[in-house]
Amino acid sequence: MSEAPRSPLITLNAVEGQTPKAVAAVKPQLQAPAPAGPEGRSRLPQPQTRLPMPSTHLPLPTRNGASKRKQDFTPDVQQTVGGKKRKADAMRGAPPPKMPNIVRRTASATTRPGTRTAATAKPAVGRPPAASRAGASRGAAAAKTAAVSKAGGMTRSNSGSTIPKGAPVKKRPAWDLKGRIEDMEKTMRSMQSEKEAITQQKEEITQHSDNIQQDLLTLQRENTTLRQRVNEAEVTLRDLQSKNRNMEDDLERVNRQKKAVERERDDLESDLQTSRKECQGLKGTIAQQAAAQEGIKAELQLRNSQIETTNIALQAEKGAVASLQAELAEARDKIAALDRQLQQAETDRRVLHNTIQELKGNIRVFARLRPLLSPDGNAANDGLDDIPHFDWHDGNILELDRAMDGDPNETMSGFKRTESQKIEFSFDRVFAPSSSQGEVFEEISQLVQSALDGYKVCIFAYGQTGSGKTHTMEGNLEQGPEQRGMIPRAVEQVFRTAERLRGKGWEYKISASFLEIYNESLRDLLDSKSDKKMDIKMKDNRGSKDNKTNDVHVTNQVVVDVNSEDEVYPLLKKANKHRAVAATKCNDRSSRSHSVFQLRIKGQNSLTSESCAGMLNLVDLAGSEQVKKSGSQGKQLQEAQSINKSLSNLSLVITALSNKVGC
Ligand SMILES: Nc1ncnc2c1ncn2[C@@H]1O[C@H](COP(=O)(O)OP(=O)(O)O)[C@@H](O)[C@H]1O
Ligand SMILES: [Mg+2]
């Protein structure tokens, strides 16, 4: 046959789980040797150079990409190489290749049928595959036959000659030299022919060895190429693996995004559900509102018709309003005229009031009888007015029964009693023991009004200790409003009247001060500093138009502006507190000192431009005692002397005032 020697079939054995690097495990499989040509020369199989190339269409990166590639790669190679080759041979009708008839005792001796040789990329032609081993065995058998024929063809005689094996051994007699020479010549020819055969075989083997060398070089080159391809494939593989990882990362990220989007979608769906429910609710509300709107519309129409009716009535009323406005203007004029008359009347009232007060007497004296007190200090509940030695008539006469008070034979002055034992005292008003604080203040209030009208009013409480002076002037604020004395009631009236007169244009500024006179020295009860220097001064008003109103004032005195009665009560409490502190130093000081509560009242009328400056003095005098009777000594005597001195001077002043002296 003219066909070129075939290359050995190279199989790429890829083991499951290994990379395609297993392509390095190339196991050359020698095909059965081609039958000897007509020349009788054996043909050695040549390495197949058409190796399968790794598919350039690499599989898409998947999780099992590596194994997929292996599966794709190895079987393809086997099928492509083996299958195609055999198919081509069958097409050509070529007989199966046969092993060359090479006698290799070493190979046949070391290689047993069925033994696998670890093959590398280097083709191992010395050991044919199992398929070709039969041929090789046959070759070996042929060689063996040749050796046997050689051994059988010639047997060495004891004499050293060689006798062909199988030939009838016929021992030539020693003398048959010719026969023996003939045998030797036969042997020589046989060996000659054997030598030629061996020489020929040697040439064939040499030739075969060259071919093998050639094949080896070819295989090495192919191996190098394959290695390069493998390297390139590895690079591509790494690249693809990196891409695969990137894609896996991308996939993971996309999955996370997908989950987030799914969560968002779920939230949105729940929101949508909620919104739908709200929408349903709103729809219901809208329906209700629409129904209500219809009702409102109907009501609106009704109201509109009512408005129209009212408008008609309004038009009729407008005429009436115009006439009423004219009447109103007329009434306003009348009111203004009446206001003017009222203002004039107020002015007249003031004048008349104070004229009456003057007529009543600028100096008035009231007597208040204190009820008898029970041993616990409280007034007896019944029989208040039952005081044996006092009697009162017509509200202003107080009758004292001398016989019932002290020595009936001795007068109050200590003289011998010669006349009637009853004596009458005349007062502007006598208050019975049962009379209340309110009844007493009823008389006082007219004087308080005079202070608001710009007069200087002074109210003294005079009497011996325990007669009820402090009770009358201050009262007891804690026992209820009924027990309030003259000072709180006067304050209340001042502010109430000032508020009432505000409507008539009067604006009042009121200030308060509280003094104590003890042993002829002054003390400010609204100031905690007890050692403050204070003096009584008279303001010289001789240069002024009204030089009759010489003003007596106390220097360095605390004067507090007050706007309501509520601002005055704390001042009264403060004064009582300071008096109580002083009382610890001097026994019963409150009854041994004079206290003077002063309200300065300044009024301004913006309508009539009138003004006034009044003053209200409420004085709780010290107890008046007879030094002789009380038996005072030392400090108490000095106190009593100071008290009596001041009371005596006061009586002189009052007498002078009553006589209009110096006024
Ligand atoms: N009109 C009165 N009704 C009831 N109790 C009175 C009356 N006057 C005074 N008292 C009581 O008599 C006591 C002495 O009165 P007080 O005002 O302290 O006397 P004075 O200040 O003159 O020394 C007090 O307990 C007081 O409550
Ligand atoms: Mg008192």
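**Reading ligand 1 and its surroundings**

Colleague: At what distance from an oxygen atom of ligand 1 does a backbone N or O atom of His-471 lie?

Modeller: In this predicted model, the two atoms are 2.8 Å apart. A pair of N or O atoms within 3.5 Å is read as a polar contact, so the His-471 pair qualifies. Gly-466 also places a backbone N or O atom by an oxygen atom of the ligand, at 2.7 Å, and a polar backbone atom of Gly-468 is 3.1 Å from a ligand oxygen. Taken alone, ligand 1 exposes 550 Å², and 72% of that is buried by the protein.

Colleague: Which residues around ligand 1 come nearest?

Modeller: The shell has 13 residues, and the nearest are Arg-370, Gly-466, Lys-469, Thr-470 and His-471. Helix H6 (residues 469–473) gives the most to this shell, with three residues. Sorted by class, the shell holds seven polar, three charged and three nonpolar residues.

Colleague: How many salt bridges does the structure hold?

Modeller: There are 23. One of them joins the side chains of Asp-239 and Lys-243, at 3.9 Å from N to O. Asp-239 and Lys-243 are about one helical turn apart because they sit four residues from each other in helix H4 (residues 177–360).

Colleague: Where in the protein is confidence lowest, and where is it highest?

Modeller: Where pLDDT is low, the predicted coordinates should not be read in detail. Here the lowest mean, 38, belongs to helix H2 (residues 105–110), and the highest, 95, to strand S15 (residues 560–562). The protein averages 74, with 65% of the residues scoring at least 70.

Colleague: Over which residues does pLDDT stay under 50?

Modeller: That stretch is residues 1–163. The model has 232 contacts beyond four places in sequence for those residues.

Technical notes. Residues numbered from 1 in each chain as written. Chains lettered and ligands numbered in written order. Predicted model: local features only at pLDDT ≥ 70, side-chain atom pairs only at ≥ 80, totals over all residues. Heavy atoms only, no water. pLDDT = per-residue confidence, 0-100. Helix = DSSP H or I, 4+ residues; strand = E, 2+ residues; numbered from the N terminus. Contact = heavy atoms within 4.5 Å. Near = heavy atom within 4 Å. Polar contact = N/O pair within 3.5 Å; in protein donor to acceptor, adjacent residues only side chain to side chain. Areas by Shrake-Rupley, 256 points an atom, 1.4 Å probe, with all protein chains shown as cover. Nonpolar A, V, L, I, M, F, W, Y, C, P; charged D, E, K, R; others polar. Salt bridge = Lys/Arg side-chain N within 4 Å of Asp/Glu carboxyl O.
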